[in-house]
Structure formats: C-alpha cells, structure tokens
Amino acid sequence: MDTREAAVVGIGRTPFSTSSGRTPLAMAAEAARAALDDAGLRPDEVDGVIDFHTNDSASAADVARAVGAFDLGLAMDVYGGGNIAVTVVGQAFAAVQAGVCEVAVVFRSLQGRSGNRYGRGERPALPMRGEMQFAALNGFVVPPMWIAMFAQRHKHVYGTRDEDFGQIAITTRKHAAANPHAMQRQVFDMDDYLSARWIYEPFRLYDCCLETDGAVALVVTTLERARSLRHDPIRIAGFGEAHTHGGSWTNFPDMSEMYSAYASKRLWASTGLRPADLDVACMYDCFTGTVLATVEDFGLCPKGEVGAFFGEGRATYGGDVVVNPHGGLLSEGYLHGLNHHYEAVLQLRGDAGGRQVPDARHALVTAGAGPAGGALIYAASR
C-alpha cells in the first residue's frame with residue numbers, strides 16, 4: 001500500500017458535566033456525529049473507528065452502528081487511560097496513511113463522575129494484578145497516590161515549593177475563565193490555593209483534575225480528501241511515545257521526571273521543530289505534578305524552574321507558550337486527555353474565540369504520567 005498523508009478534519013464533543021444522565025454510548029455517538037458534521041462528512045463514509053477505555057465506555061463497533069457507519073475496515077478498542085490519548089490518534093493517522101481506512105473516528109466517552117470514579121477507588125479502574133496487587137497492600141490504589149510520590153521526589157531534588165504547584169493551578173483556572181465549555185471557571189489566588197483541603201500530599205484540591213461525564217471525538221482522513229472539506233486540515237509535525245520500565249510506577253528509576261524524559265527525545269528527533277516554535281502546549285494535567293515534570297522534560301523550561309516559568313507569565317498569553325488555554329483537565333474537564341486534541345485543533349484553526357492564541361501555528365499535545373505516555377505536535381496548514 002502507498003503511504004498517504006493524513007490530517008484531522010473534524011472535532012466534536014458533548015457538554016461536560018458531573019451527572020450527564022446518559023450512557024457512554026449515547027455521548028460517544030453525539031460527539032462522533034458532531035465531529036463528522038464539523039468536517040462535512042457523512043456517517044456512511046466512516047470506515048474506521050478507534051477508542052480507548054478502562055471498561056467504562058462503548059465499543060468502536062457499537063458507536064459505528066449508532067451513527068450509521070455499517071462497513072468498517074478498522075474497529076479498534078484500546079484498553080488504557082490518559083497514557084494513550086496520543087497513541088490512539090497516532091493509530092488513526094497510521095491507518096489512514098496505510099490505506100486501511102479512509103475516514104477514521106477517534107473517541108473517548110465516559111461517565112467519569114456519575115459512574116466509575118477513578119479518584120475514590122470504589123470500583124478500581126486499574127486491575128489489581130501483577131505488581132499492583134503488592135502496591136495495593138501498601139496503600140497505592142488510585143493514580144494520584146503514585147503521582148503524589150513523583151511530586152514529592154521533585155520537591156526533594158529541586159527544592160520545589162507548594163507555591164510552584166499553585167502557579168500551575170492558578171494559571172490554568174485563569175485560562176478556563178474564558179472558556180464557556182469549562183466545568184470550573186471561578187478564578188482563585190495563591191491564598192485560596194494554599195488554604196484548600198489536602199487530597200494526597202503535596203496535592204491539594206486545586207491540584208487535581210475534574211472527574212467528568214462527557215465525550216470527545218476527532219475525524220481523521222487523507223490530506224487529499226481534506227482539501228475539499230469545511231476546515232483547513234491539521235497535520236502532525238512530530239510524534240514520540242515512551243512506555244518504559246514495564247509500566248511500573250514503583251520501579252521507575254527517577255521520580256523527579258516521567259515518561260516524558262524518554263518520549264521527548266523521540267518527539268524532537270521526529271521533527272525539525274523545537275520548543276521555541278510552539279505557540280500552544282496542551283499538557284496532560286491529571287495533576288499539577290504531571291505538568292510540572294512534563295513541561296520540564298519536553299524542554300519548555302529547564303529542570304527545577306517550572307514554578308518560575310508559570311509565575312513569571314511565560315506559560316500564558318504574551319509569554320513563551322500558552323499552556324492549556326482551555327483550562328485543561330484541571331478546569332475544563334477530565335476526558336482522559338482527548339479534549340486536549342480538540343483544543344489544539346480549535347486553536348490552530350483560529351476558532352477559539354476569546355481564548356484564541358494569536359497566530360497559532362504549532363501545538364504540542366501530551367498524554368500520560370509516570371512511566372508511560374506520548375506527545376505529538378499539530379501543525380496548521382493555513
């Protein structure tokens with residue numbers, strides 16, 4: 001098969017809420033239809049569907065049937081959380097480029113608040129097998145417990161202060177204030193941040209993402225097909241993943257960094273771009289500690305300086321790069337990071353309204369924490 005270029009041509013989503021009253025299938029179908037309508041494509045043109053889940057979503061085949069796509073050349077259900085929100089988009093691009101399908105829908109749908117809540121561990125999204133069964137005996141059951149330990153290590157190695165985490169949370173919320181889709185838009189200051197209740201030290205309330213009901217979908221097709229559709233195509237200009245140390249959180253060798261120390265090498269080797277070329281950075285922010293490590297690892301600022309990077313205004317409008325202009329997972333909602341892709345595409349189209357980053361041409365999107373994740377760089381064609 002000949003290799004062809006691919007591009008994102010459509011984006012769709014449902015409202016984000018704490019109690020949708022809807023099934024993941026219904027929300028996925030709505031987001032997929034919206035993305036197809038945004039692109040100007042018919043459901044019966046879809047011949048590829050890819051999703052990711054942790055036993056909390058609808059299947060690719062179910063969603064295809066629900067929207068009216070009855071002949072798939074690719075139906076892929078990938079097990080995993082935010083660590084593969086870049087992987088699935090990369091798979092869609094690869095499938096279109098290889099000719100496996102012509103029009104691929106990528107979606108994530110979940111009842112993250114009204115259904116299975118990661119944060120409570122009442123019905124663990126992470127199966128307690130392998131090394132997890134031993135971690136659980138020591139109190140490690142839900143993701144923030146491990147990521148808090150990474151954050152503590154960063155504090156020990158670099159002298160990171162609580163206020164440094166606060167600068168990330170405050171900046172994120174200021175950006176969300178301009179996003180009518182965000183679940184939380186009320187800004188707060190450092191006193192508010194420091195007085196908020198503890199979740200898992202060093203994380204307070206505002207360090208943690210918002211468990212959310214909702215769905216997001218993207219449509220990927222060939223660049224040739226894209227040229228006749230409604231929007232300028234958005235291409236990938238760089239890509240890199242890292243799935244390290246057998247996926248072990250407890251045996252990761254240096255907890256002052258994350259998978260991003262490895263993935264960043266592949267990302268920057270895949271492109272002629274550099275951090276200074278980025279206009280937007282949608283950093284996976286399940287917790288502020290994830291942003292703290294990955295902003296440094298991907299080279300947006302030197303190690304140990306992320307607090308100053310945010311505090312001095314280098315991560316917002318008028319600075320070096322605008323980090324999470326939509327408010328991110330911390331303030332817009334936690335759709336396992338696929339909403340980062342939505343925002344990146346919106347920004348590169350110039351359609352982000354009051355939060356538009358001027359002349360945005362390149363957007364970094366990251367996914368994951370701890371030992372596994374990935375990143376890509378979207379490029380505008382306008």
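# Strands, cysteines and rings

User: How many bridges join strand 2 to strand 3, and are the strands parallel or antiparallel?

Analyst: Strand 2 and strand 3 (residues 74-79) run parallel and are joined by six bridges. Strands pair if DSSP finds at least two bridges between them. Strands (E, at least two residues) and helices (H or I, at least four) are DSSP runs, numbered from the N terminus. This is a predicted model, where local features need pLDDT of at least 70 and side-chain atom pairs count only at pLDDT 80 or more, while totals for chains, interfaces and linings use all residues. Residues are numbered from 1 along each chain as its sequence is written, and side-chain values use heavy atoms, leaving out hydrogens and water.

User: What stands opposite Gly48 in strand 3?

Analyst: Leu74 does. Strand 2 is also joined to strand 4 (residues 103-111), by four bridges and again running parallel. There, Gly48 has Ala104 as its bridge partner.

User: Is strand 2 buried or exposed?

Analyst: Six of the six residues in strand 2 (residues 48-53) are buried (under 20% relative accessible area; exposed is over 50%, partly exposed in between, with a 1.4 Å probe and protein chains only). The strand is therefore largely enclosed by the rest of the structure. Gly48, Ile50 and Phe52 point one way, while Val49, Asp51 and His53 point the other.

User: What about helix 10, buried or exposed?

Analyst: Helix 10 (residues 288-297) has 10 of its 10 residues buried, so the rest of the structure largely encloses it. Among them are the charged-looking names you may spot in the sequence, Glu296 and Asp297. After helix 10 comes Gly299, with a positive phi near 85°.

User: New topic. How many disulfides are there?

Analyst: Zero, from a search of the whole structure for cysteine sulfur pairs within 2.5 Å.

User: Why does Cys208 not bond to Cys209?

Analyst: Their sulfurs are 7.1 Å apart, which is too far for a bond, and Cys209 holds the closest cysteine sulfur to Cys208. For Cys301 the closest is in Cys282, at 17 Å, also too far. Cys301 is buried, at 5% relative accessible area.

User: And how many aromatic pairs?

Analyst: The search finds 10. Rings of Phe, Tyr and Trp (its six-membered ring) pair if their centres lie within 6.5 Å; planes under 30 degrees apart are stacked, over 60 edge-to-face, the rest tilted. Trp146 and Trp249 are a tilted pair, 6.1 Å centre to centre with 40° between the planes. They are 103 residues apart in the chain, with Trp146 in helix 5 (residues 143-158).

User: Which residues cluster with those two?

Analyst: Phe150, Phe252 and Tyr262 join Trp146 and Trp249 in one aromatic cluster.
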